[in-house]
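User: I am new to this structure and would like to learn how to read it. Could you take me through some features one at a time?

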Amino acid sequence: MSLGRILFPALLAGLVWAAPASAQAPTGTVTGRVVDAATQQPLAGAAVAVAGRGGTTSTDGRYTLSGVAAGSQTLRVTHVGYGEITQTVTVAAGQTTTVNVQMAQQALQLQELVAVGYGTQKRGAITGAVSTVKADEADVGVVSDANHMIQGRVAGVQIVTNSGEPGAGAQIRIRGGTSISASNEPLYVIDGVPIDNTPTEPGGMGIGGGAPLPRSPLALLNPADIQSITILKDAAATAIYGSRGANGVVLIQTKRGATGGITMEYDGYVAMATPARRLDVLDGAQYRKFVQDQVAAGNLDSDRLASLGPANTNWEKAVTRTAYTQNHNLAFSGGTGSTVYRASLNYMNQQGVVLNNGFERIQGRLNASSTALSDRLTLELNLTSSHITNDYLPDQNTGGFEGGVFNNMVVFNPTEPVKVQDSTTGQMVFYEVGAGSQSLRNPVALTEQIVDQGNTTRTLGNASAELLLVPGLTATVNVGADRSDGGRGTYWPRISPVGAQYSGLAQQNARNSTTLTLQTLLTGHRDFGVQTIDVVGGYEFTRFSQQEFGSQAQGFTTDAFDYYNLGGGSQLVAPYSWRNDSRLVSFFGRANYNYGNRYYLTGVLRRDGSSRFGAGNKWALFPAASAAWRISEEPFMKRLGLPFSDLRIRAGYGLQGNPGVPPYASLIILAPEAGARYPFGDQITVGYIPTQDPNPNLKWEQTAQFDAGIDFGLLDNMLSGTLEYYVKNTSDLLLSVAVPQPALVDTRLENIGKLRNAGIEASLDALVLERANASATLGLVFSADRNKVVDLGGRGFITTGNVSGQGQSGQVSERIMPGQPLGTFYGARFSHVAAEANVVGGDTIWHKGQQLFVCNRTDASCVNGLTGAPTADDYAILGNANPDFTLGLTGQGKMGAFDLSFLIRSEVGGKVFNNTALVYSTKGNVLQNKNFLVAALNDPTGLHEPAIFSSRWIEDRTFTRLQNVTLGYSFDLPGRASASRARIYVSGDNLLLLTNYTGYDPEVFTDAGLASRGIEYLNYPRPRTISTGINLTF
Amino acid sequence: MNIHRLMSAVWTPRLAALLVAVPVVGLLQSCTDLSENPTSAITPDNFYRNADEVLGGLAGVYAQLRSTTDDYYNLSEISTDEMIVPTRGQDWYDNGTWLEIHHQTWTPTSASGLGAINGAWVNLFQGVARANALLAALPHANMGDADKKVVTAEARTLRAFYYYLLMDMFGGVPIVTDTDIKPRPRNTRAEVFDFIETELKAAREDLPETWSAENNGRMTQGAVDAILASMYLNAQVWTGTVTESGLQPGQARWQDAIDAVDRILNSGVYSLAANFNDNFTPDNSNSPEIIMQVKFMAATGLGLNFVMRALHYSQFDPSPWNGFATLAQTYYAFDTSDKRMDIFLEGPQDNVLTGQPVNDRSGKPLFFDPTIKDPTQATEGEGVRIYKWPADPNHVAENNGNDYAFFRLAEMYLIKAEALNELGKTAEAVDLVNKVRARDFSPPQPLNAADYTQATFRDRILEERLFELTAEAKRRQDLIRHGEYTAPFGFKDQREPYRILMPIPQTQIDANPMLEQNPGYGG
């Protein structure tokens, strides 16, 4: 495994680098107690360092450092939320010196350094819309990637996890999403290096439907290594990222070591998860009774009773399980005066709540920095390497109705057993409805027989050198490399009804991606009395390269090989391979001006060139300007004596881009397409056809954003908050639209259309309790975004939201329409189910049990405004998927050794299309020996009625979720010297979901076409998880 | 090892400056070059240079023929009395698209308007575009002039054929022979007719009469004559004008139709197959009757999938779709002693591969009942199924190797017969029809010329075309030519006369606002 090859030498190098200068000099001991200056209460966990020795204070605030070199030394004490203390102590050889320290709380938020892209700024000086997440507060419960740490904690960021699958990807939208067809994913920047967040693994094969959705590429980073996450939201903040900034930027800073002795941390938990809710399918007894009732009512022939099986199986229970997760982190950090380092290892193994799938990660990380040349040169190294194994479930997120685990979980006959005895061998084998290929498949067998595995090895590293050229002017070079190797292996065995028609089908795909980044920066700072100026100017060059290869074989004699020996197949399907390269070149600058800590101005300019765009549009300019006025610093405010400890207003405007275009999209491309092969005689001639129409005018989507905000702090920041308003206008929207025919390909990517987002965000933090031995804080975030399609290049609408399932080919549920938001549901309006047949002149207009819809046509099928056969003329807007507003409520409390935190999220308003209920509320399934949802038992819909998309299946999305509650208890480890502490905790995820939605979860994502939103179809059930863990610090 | 001493020995300001400067200078050099050079794809500038590459381009033009058996085929069949796709419980509702096609209630924005009708437009025009791309590149190709002439003629014939299908479905469409993508107005249907005729005649000069077996399926003089014969047969429709109140016919071209058929008959290349079935079996490329076909192969993505559309779930492996069926009235129109009736599956059913009896999904023996009681609530077994192209024992999943003939000699006889009858030569016409019928009855049941007038034989030929050509995508053309397309049949009511043209799909008008909608379908 390449992970080990990379990681081990790296760790070794780190250790060598970090090795302190040791000398057999005389030493002494320093001890003492650290307390809060105001309350005189002990402060636990404060970092104390002196002369290369270091540790942290225990729960009673005490510390002891032995082996401290004798002489006059500097003692440094730091603690989150308190001002740093340095003080000189004289250590006598063989003696114990006592140094007690009082620390004062500081107006943390304003002095805190916040990453803003190519640099940091003091919170108080920021003029754009920037939010931060403190990682230690957000890393609770089972968190597999950084996105989970943002969810519910930042105003204006909506994160919808695709499903309850381990490692599942997510839909992330910062301020509503600016694009229809290009990516709405923010740009992720890890330790200053922008990363490419496209999937690292090749796509899979769907069985009778769409393939499982890709999992989150962000899982490469262990959440426990994250120090802080900063989200840049408005143009003033993101313009420095130019063409990549339109969807917002997520800056992730990882943890560093601190000067002092070696600190070791172990953090581990085990978790137990079960599906939080059930769809409720009929079990065998319910199904048998239903058939008996229908036979008695004359709706089914009596011989149907004989066709029922002998068992009583609840297939939903049969495919789900109690799943276990274990996670272990080991980290050590430390540093001498000029070198600090931190190294960590992580192992995580998460089982899914559905049988036979999961997520496993082994990850190592190292960072170190060192100063030289009298602190004028700083060298820094960051290295992460992870190996992830994704064991996919053969589910079907979208598309057809045959095959997948969840489809069969619903429809497979519950009177049949999971396993039966094979009559020839006497062994227990999975029950199937027949031999060989079948479209109905035992779902438990599917989970066990179908192999679909992905794995990614990804190494992310950067090295930077920062040189102080002259006082106030720094030059930085930062070189980053991101390399991933992803593989996907699939095998559909002969024994499975899926693989039988191919006599076994094996596929192997491999993808690798390399991104190289070079940044050079000049950073200047100058004070002119009350004025200060900060400037940064830079150049960035990024090269992306990706290639993929795949091959497939069919016709195996044995299932023994899985996908590991394609040569075992008798028929090889033509392999494929491709390679993409692209480059991005940027020049950028930012200037910040501050007058007397009252008036702030920021200007940003970035010029980007991308190879991916059309010949005449490769370069673009992205400017932004913003200003802030810190009213609370004005003398008149101080005279007024208002309780404002901070009051600021700010506003900004700028342009951002979205480059979501694949390489070569502007060129005409010829390729040997599978669909262009033709047999002359009976020999296949490989056909070369144009696979893409040229568009030399192709360019980026451009978003112009205005933002205005107020930041305030009251009563010494006991209460602080932000209120924000923004408008984003996106133009030159990238849309794949039909082109005038004749054309080689019927659609082409064009810059057409306009989209508008406007919204309000608010966040409020309150210190509700501050006592000697107890404290409590509450945080509230609120956001409301209004999204509107303004123009589609003259088009009236674009259909999207493909409906999945049996009898739903060509059915769509959404339209993208000017004047309406994205995610607008459009279709027939359901009225009721006919209680009686309607016969006019011998013609049956509708049957008893038929669904009736509102119509206003004049033809014979529309009677009194009702019809059983709705047409396009009867369709109307049925609501949209966007919430009116979202809320996140967090709380942290401490009492003595106990700590408690919680996160509640709520989204109010909006609709969700329950595609699952549409397709599986059909009692007529009984005619084909198939099962359906319990909810259908009591509705009056007839046995022969097809599933028709309408307002009947559009449900309210409003929900409130108790996302996490964590209770911890901290104590000093007995029998050890000071500074060895432990915390044990118990944490619960997704403990409570309040919603009227009838499916698994209203907050899920089904990939149903262009910019589709709010559709749920057979999603992986979301788990409810309880975990217990321990943190140890030595 | 002491890192500090090491560092301070190594690090000098000069070295640091060098470290910063070297990558900067190195990368600045390439910094403004943003041109793209794809490595796993090619651009037309560096392709179609030699005979092999040209053949690769030509294969792509032919390959688009496969798509004609999807949307174009479905519209031509399901909008007539030959086929219906009833809603079968949870299956085949599909946004109402299938019954909408059968009931002829489509609109530019309805399910089929945005679905199958748009699909037919796109697929056929893509064929045109592929031909244009190849034709634009051919002058620069480095290959023998003789070969280049043939390839040019093939590409022009294929382009003309795609236009023939577009004209049939939509009327007048933009005539385009360059590769620019831009909005263009529609030509009239008569102009398209003239363009196709001119192109085919020109291409015919350079096409061979026959190809060797390893080139079976490429365009020939016979294929050109067959397309022309069909054009002349329908000339009154296709050179006429369609208004909201129906067709104002154009000039008849009966003698041209006869001449085109005679060129085929006199070529000596074609003869009727001994058995009707020989034209449809997996080895039908050997049939001497087939004049122009879409080639299929039992290989992934290259096979015919008609068995999937019609057969019941349990009759084939992989499990078919149990959809397409035939109206009882059409099934019963056949003479029970006509061997051509064997294309239907009716009554108790077997697996077509194993011959074993099969059950329906509820566990009862599968039985195909000709009567569909209610097409909105049909059962699994309702409706007889068309099984004209029997399953290929060597099939790869749903891919069967049976070729699909667009034109075969039997139809040429029927075209000539129809033209002769229109010219008053009914007795000659009856003779020709009898030549086709000869293989289908034992004992033979020839038609008697004395039983027919010109008018009654006109109806008889329409019927005979049904028996001979069911499921060969001819019925829509035939019903329109005979003025019966919009008339009531089966579950379908009388429809407006303008529905003999499909609407231009809204998607296409959005993309090309210069396209004017067909009459009757709104602005």
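## Reading the features

Analyst: Let us start with a charged pair. In this predicted model, the side chains of Asp646(A) and Arg630(A) form a salt bridge, at 3.1 Å from N to O. Asp646(A) sits in strand β32 of chain A and Arg630(A) in strand β31 (residues 619–630), so the pair ties together parts 16 residues apart in sequence.

User: Are Asp646(A) and Arg630(A) buried or exposed, and why?

Analyst: Look at relative accessible area; buried means under 20%. Asp646(A) has 5%, so Asp646(A) is buried. Arg630(A) has 11%, so Arg630(A) is buried too.

User: Which residue pairs with Arg309(B) in a salt bridge?

Analyst: Asp70(B) does, with the closest N and O atoms 2.9 Å apart. Arg309(B) lies in helix α13 (residues 306–310) of chain B, and Asp70(B) in the loop between α3 (51–63) and α4 (71–78), so this pair ties together parts 239 residues apart in sequence. Arg309(B) is buried, at 4% relative accessible area. Asp70(B) is partly exposed, at 33%.

User: Where does Arg204(B) fit in?

Analyst: Arg204(B) forms a salt bridge with Asp225(B), the closest N and O atoms being 2.8 Å apart. Arg204(B) belongs to helix α9 (residues 189–204) of chain B and Asp225(B) to helix α10 (residues 221–233), with their positions 21 residues apart in the chain. Asp225(B) is buried, at 2% relative accessibility. Other salt bridges share partners and make one network, whose members include Glu289(B), Asp338(B), Arg340(B), Lys388(B) and Arg408(B).

User: How many salt bridges are there over all chains?

Analyst: A search of the whole structure finds 73.

User: What does chain B look like overall?

Analyst: Take its secondary structure, then its extent. Chain B has 19 helices and 8 strands. Its C-alpha trace spans about 115 × 60 × 50 Å along the principal axes. Of its 523 residues, 62% are buried.

User: How do I check a helix such as α6(A)?

Analyst: Compare its expected span with the distance between its ends. Helix α6 of chain A has 13 residues (284–296), which at 1.5 Å a residue should span 18 Å; its end C-alpha atoms are 18 Å apart, so the two agree. Next, see which residues are buried. In α6(A) they are Gly284(A), Tyr287(A), Phe290(A), Val291(A), Gln294(A) and Val295(A). They cover an arc of only 135° around the axis, so they are on the same side of α6(A).

User: What happens at the ends of α6(A)?

Analyst: Asp283(A) caps the N-terminal end, with a side-chain oxygen 3.2 Å from the backbone nitrogen of Ala285(A). Just after α6(A), Gly298(A) takes a positive phi of about 80°.

User: Why should I care about the sign of phi, or about cis bonds?

Analyst: Most residues other than glycine have a negative phi, and most peptide bonds are trans, so exceptions deserve a look. Asp562(A) is one: its phi is positive, about 50°. Asp562(A) lies in the loop between β28 (531–556) and β29 (569–595) of chain A, and is partly exposed, at 26% relative accessible area. Leu1018(A) also has a positive phi, near 45°. Leu1018(A) lies in the loop between β58 (1015–1016) and β59 (1023–1033) of chain A, and is buried, at 2%.

User: Which peptide bonds are cis?

Analyst: One joins Gln741(A) and Pro742(A), with omega about 5°. Pro742(A) is in the loop between β39 (734–738) and β40 (747–751) of chain A. Another runs from Ser442(B) to Pro443(B), with omega near -5°. Pro443(B) is in the loop between α16 (426–437) and α17 (454–469) of chain B.

User: Which residues form the nonpolar patch on the surface?

Analyst: Ile649(A), Tyr653(A), Phe706(A), Ile710(A), Leu723(A), Tyr725(A) and Ile760(A) form it, with about 600 Å² of accessible area together. Strands β32 (644–658), β37 (701–714) and β38 (719–731) of chain A each supply at least two of its residues. Phe706(A) lies in β37 and is partly exposed, at 34% relative accessible area.

User: How far from Thr39(A) is Ala772(A)?

Analyst: Compare separation in space with separation along the chain. Their C-alpha atoms are 6.2 Å apart, with the two residues 733 apart along the chain. Ala772(A) lies in the loop between β41 (754–770) and β42 (774–791) of chain A.

Methods: Residues are numbered from 1 along each chain as its sequence is written. Chains are lettered from A and ligands numbered from 1 in the order in which they are written. This is a predicted model: local features need pLDDT of at least 70, side-chain atom pairs count only at pLDDT 80 or more; totals for chains, interfaces and linings use all residues. Side-chain values use heavy atoms; hydrogens and water are left out. Helices (H or I, at least four residues) and strands (E, at least two) are DSSP runs, numbered from the N terminus. The expected span of a helix is 1.5 Å times one less than its number of residues. Buried means under 20% relative accessible area, exposed over 50%, partly exposed in between (1.4 Å probe, protein chains only). The arc is that of the directions from the helix axis to the C-beta atoms. A polar contact is a pair of N or O atoms within 3.5 Å; within protein, one must be able to donate a hydrogen and the other to accept it, and residues adjacent in sequence count only if both atoms are side-chain atoms. Patches are made of residues with over 30% relative accessible area and no salt bridge: like charges are joined within 9 Å, nonpolar side chains (Val, Leu, Ile, Met, Phe, Trp, Tyr) within 5 Å. Accessible areas come from the Shrake-Rupley method with a 1.4 Å probe; for residues, only the protein chains shown count as cover. A salt bridge is a side-chain nitrogen of Lys or Arg within 4 Å of a carboxyl oxygen of Asp or Glu.
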